[in-house]
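This report covers strand pairing in one chain, and then the make-up and confidence of another. The sequence and the structure come first.

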Amino acid sequence: MGRDQFESEMNRGFLQLLTLHLLEEKLYGYEIVQRMEKMGYCIEESSLYPLLRRLASKGLLESDWQVVENKPRKYYVISKEGKQVREEINAVWEKQNQILNRVKEGAKDA
Amino acid sequence: MRKKLEKYLDEVRDYLVTDEDAADVLKEIESNILEKCQAQYGECSDENIEKTLATFGKAIDVAKEYSSGEPLIPVFLKKVLWFYTGVLFLVHLGLNGLAFGLHSDGFIFPFFFNGVSGWASYLVSIPLLLVFDFGLVCLLLAGVSQLKASVLLPLPRRSFLRPKGERKYNVWIQVLLLVMSGFFLSLAFDPQTFENLVKSAFSGTDMHFVALSDLFTGLYIGVAINVIVETLFYFVGRWFRTGFLEFLKAVVSISVWQYVLRTAVPGLEGLELLVQNVLKGVLIFVVVILVINVIVMLVRSVVREVKEHV
């Protein structure tokens, strides 16, 4: 497996969690991309936009069309169910981090 | 106005497969592209949209990301696809060969082959058979997949295929067999016979009327064709178990001999009829056994699935 493929697989889960955190506030697609870029996380738009739809279809996000400056924009925000799932994923993430740190420390000791 | 964008969205629409509202998906893609263009260039002219589209990804890739649903044939059925196509192709090819050799266009399964009028058309039919069989198996597997049937399709590869460790092959034996077939063909060489063979291939004339000048010519040609058959089966034997191949080889050899003797020695109509009937009988028997085996395997798979779910 090449580095790019490995990174893209890791990004898939991370992007979902990051999106659920970012959408505490109501944002539209390109705005999310810009926020992520400001945080130093560059993402391919072709991956993010379909992800937003998938999360919305699972009920983790709410969406609505609004017309701003004569342009239609689709806004997304996290739903109640999304917040619950986010907490569960956070717990998994933290547990995985702890395991990884323990393994790394063990490797140093060895 | 925005012709490039419209063309791009049309392309996405062509490849998009989704249970969601496709118009809403396209509206969202359009909105995202325009937002990006506005943010980067300030104005959404055709030129700026073209630049934005270049960084947005190919229409087919965007459609792929937005598409959902199961593939037509799942990856885990790939081996089943090749195996079933291979077996069906061999059976199909064999039946076509027999129909051609025995001059019987309605041989057992009239729907199972194209009408074969000369050996050239038989050769041409080989790729057609392969494409047809591949398509037929694809259609069946796609049907099984779309119905979400959780039946395990039987894959008795061990009965037919040689394990990798047993795949012994000697290229010199192959060369020797080819030289032998060439030798016997040269003994039987007769310009008139070969001219008639070529004519029959392209005119669709029944090969029955190709005159083999005498019994010895017939015998030489019979031996030569059988050595060629042996050569082919030796090559194919690298992958397949011999029991299965020996049976196929025997059927082909009997067909060749009955044809050559019938053509070289007049007055053997009785023998020809006998051989034809015996071959038909054997084939019907084998096909019935094969069909019963397949049905038993399918029923066993279904019973196993049901037991696991109960």
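In this predicted model, strand β2 (residues 61-68) of chain A is joined to strand β3 (residues 71-78) of chain A by eight bridges, and the two strands run antiparallel. Within this pairing, E62(A) lies opposite V77(A) of β3(A), and D64(A) lies opposite Y75(A) of β3(A). The connection between β2(A) and β3(A) is a hairpin with two residues between the strands. In that turn, E69(A) has a positive phi of about 50 degrees.

Strand β3(A) has another partner, strand β1 (residues 27-28) of chain A. Two bridges join β1(A) and β3(A), again antiparallel. L27(A) has Y76(A) in β3(A) as its bridge partner.

The residue pairs described above are set out here.

| Residue | Residue of β3(A) paired with it |
|---|---|
| L27(A) | Y76(A) |
| E62(A) | V77(A) |
| D64(A) | Y75(A) |

Taken together, the three strands make an open sheet in the order β1-β3-β2 (chain A), with antiparallel pairing. Strands β1 and β2 of chain A are the edge strands, each pairing on one side only. Helix α3 (residues 45-57) of chain A packs on this sheet, where it touches β2 and β3 of chain A. The direction of helix α3(A) makes about 125 degrees with that of β2(A). As general background, strands of a sheet pair through backbone hydrogen bonds, either parallel or antiparallel.

Chain B is built from helices: it has 12 of them and zero strands. Of the 310 residues in chain B, 19% are buried. How many of the contacts in chain B between residues at least 6 apart in sequence join residues at least 24 apart? The share is 70%.

Confidence is reported next. The average pLDDT of chain B is 77, and 79% of the residues score at least 70. Among the elements of chain B, helix α1 (residues 3-15) has the highest mean pLDDT, at 91. The lowest mean, 68, belongs to helix α7 (residues 157-160) of chain B. Over residues 107-114 of chain B the pLDDT stays under 50. For that stretch, the model has 17 contacts beyond four places in sequence. For the complex, the predictor gives an ipTM of 0.80 and a pTM of 0.60.

Definitions and conventions: Residues are numbered from 1 along each chain as its sequence is written. Chains are lettered from A and ligands numbered from 1 in the order in which they are written. This is a predicted model: local features need pLDDT of at least 70, side-chain atom pairs count only at pLDDT 80 or more; totals for chains, interfaces and linings use all residues. pLDDT is the predictor's confidence in each residue, from 0 to 100. Helices (H or I, at least four residues) and strands (E, at least two) are DSSP runs, numbered from the N terminus. Two residues are in contact if their C-beta atoms, placed from the backbone, lie within 7 Å. Two strands pair if DSSP finds at least two bridges between them. Axes are lines fitted to C-alpha atoms, for helices over the stretch in contact, and angles run from 0 to 180 degrees between N-to-C directions. A residue is buried if 20 or more other C-beta atoms lie within 10 Å of its own, exposed if 12 or fewer, and partly exposed in between; C-beta atoms are placed from the backbone.
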